[in-house]
Amino acid sequence: MQYKNMIKLPESELEVMQAIWLLNESGEKAVSAGLIMDRYPELNRLKLTTVLTLITRLHSKGYLKIEKIGRSNCYTPIVPLKDYRKFALADFAEKLYGTDKVGFVKAILSDGSFTKKELEALKEFIAE
């Protein structure tokens, strides 16, 4: 999937996708709906059938590959988390700030939540 063709995920789909990304990054090879529900109890507010519906939507949008392992369907991300983060951030910035990228960065940096060490790291990053 190309960055330009990505679709912004609704919050519920994003929650499920984040769980799958995290499980995959932690080395889980067989990520099933049951594993998602076990590892992420905050998703237990949703019924298993709802999670399965969200997974089906994620698959149809090109975010997941579904593979049958034994009796379970297992899910593997197709879109890397870092790529989605870049896309979502660019989409968010575009909607709020248009072409004013400097204004966007200033707004993030001016909220006072960054430590001096974090700001120094950002200065070094910009200098590179």
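How do the axes of helix 1 and helix 3 cross, and within what distance do they come? In this predicted model, the two axes come within 9 Å and cross at roughly 90°. Because angles of 65 to 115 degrees count as roughly perpendicular, helix 1 is roughly perpendicular to helix 3. On the side of helix 1, the contact involves Ser 12, Glu 13, Val 16 and Met 17, which meet Val 51, Leu 54, Ile 55, Arg 57 and Leu 58 of helix 3. By class, the residues of this contact divide into 6 nonpolar, 1 polar and 2 charged.

Helix 1 itself covers residues 11-25. Its 15 residues, at 1.5 Å a residue, should span 21 Å, and the end C-alpha atoms are indeed 21 Å apart, so the expected and the modelled span agree. The expected value follows because the rise is multiplied by one less than the number of residues. Just after the helix, Gly 27 adopts a positive phi of about 100°.

Which residues of helix 1 are buried? They are Glu 13, Val 16, Met 17, Ala 19, Ile 20, Trp 21 and Leu 23. Of the residues that meet helix 3, Glu 13, Val 16 and Met 17 thus reappear in the buried set. The cover over the buried residues of helix 1 includes helix 2 (33-39), helix 3 (48-60), strand 1 (64-69), strand 2 (72-77) and helix 4.

Helix 2 contains Met 37. With a relative accessible area of 11%, Met 37 is buried, since the cut-off for burial is under 20%. Met 37 and Val 16 of helix 1 are 21 residues apart in sequence, while their C-alpha atoms are 9.5 Å apart in space. Leaving aside residues up to four places away in sequence, Met 37 touches Leu 43, Asn 44, Leu 46, Lys 47, Leu 48 and Val 51. Val 51 also takes part in the contact of helix 3 with helix 1.

A second helix pair is formed by helix 4 and helix 5, whose axes are 10 Å apart and pack at an angle of about 105°. These helices are therefore roughly perpendicular to each other. Leu 89, Phe 92, Ala 93 and Tyr 97 of helix 4 meet Gly 103, Phe 104 and Ala 107 of helix 5. This contact has 6 nonpolar residues, 1 polar residue and no charged residues.

Aromatic rings provide a further view of the model. A pair of such rings is described by the distance of the centres and the angle of the planes. The structure holds 5 aromatic pairs. In one of them, the ring centres of Phe 92 and Phe 104 are 6.2 Å apart and the planes stand at 65°, so the pair is edge-to-face. Because Phe 92 lies in helix 4 (residues 81-97) and Phe 104 in helix 5 (residues 101-109), the pair ties together parts that are 12 residues apart in sequence. Phe 92 is partly exposed at 45% relative accessibility, whereas Phe 104 is buried at 11%. Phe 104 also forms an edge-to-face pair with Tyr 97, at 5.5 Å centre to centre and with 65° between the planes. Tyr 97 is partly exposed, its relative accessible area being 31%.

Elsewhere, ring pairs link Trp 21, Tyr 63, Tyr 84 and Phe 87 into a cluster. Trp 21 belongs to the buried residues of helix 1.

Methods: Residues are numbered from 1 along each chain as its sequence is written. This is a predicted model: local features need pLDDT of at least 70, side-chain atom pairs count only at pLDDT 80 or more; totals for chains, interfaces and linings use all residues. Side-chain values use heavy atoms; hydrogens and water are left out. Rings of Phe, Tyr and Trp (its six-membered ring) pair if their centres lie within 6.5 Å; planes under 30 degrees apart count as stacked, over 60 as edge-to-face and the rest as tilted. Helices (H or I, at least four residues) and strands (E, at least two) are DSSP runs, numbered from the N terminus. Buried means under 20% relative accessible area, exposed over 50%, partly exposed in between (1.4 Å probe, protein chains only). Contact means heavy atoms within 4.5 Å. Axes are lines fitted to C-alpha atoms, for helices over the stretch in contact, and angles run from 0 to 180 degrees between N-to-C directions. Angles under 35 degrees count as roughly parallel, over 145 as roughly antiparallel, 65 to 115 as roughly perpendicular and the rest as oblique. Ala, Val, Leu, Ile, Met, Phe, Trp, Tyr, Cys and Pro count as nonpolar, Asp, Glu, Lys and Arg as charged, and the others, Gly among them, as polar.
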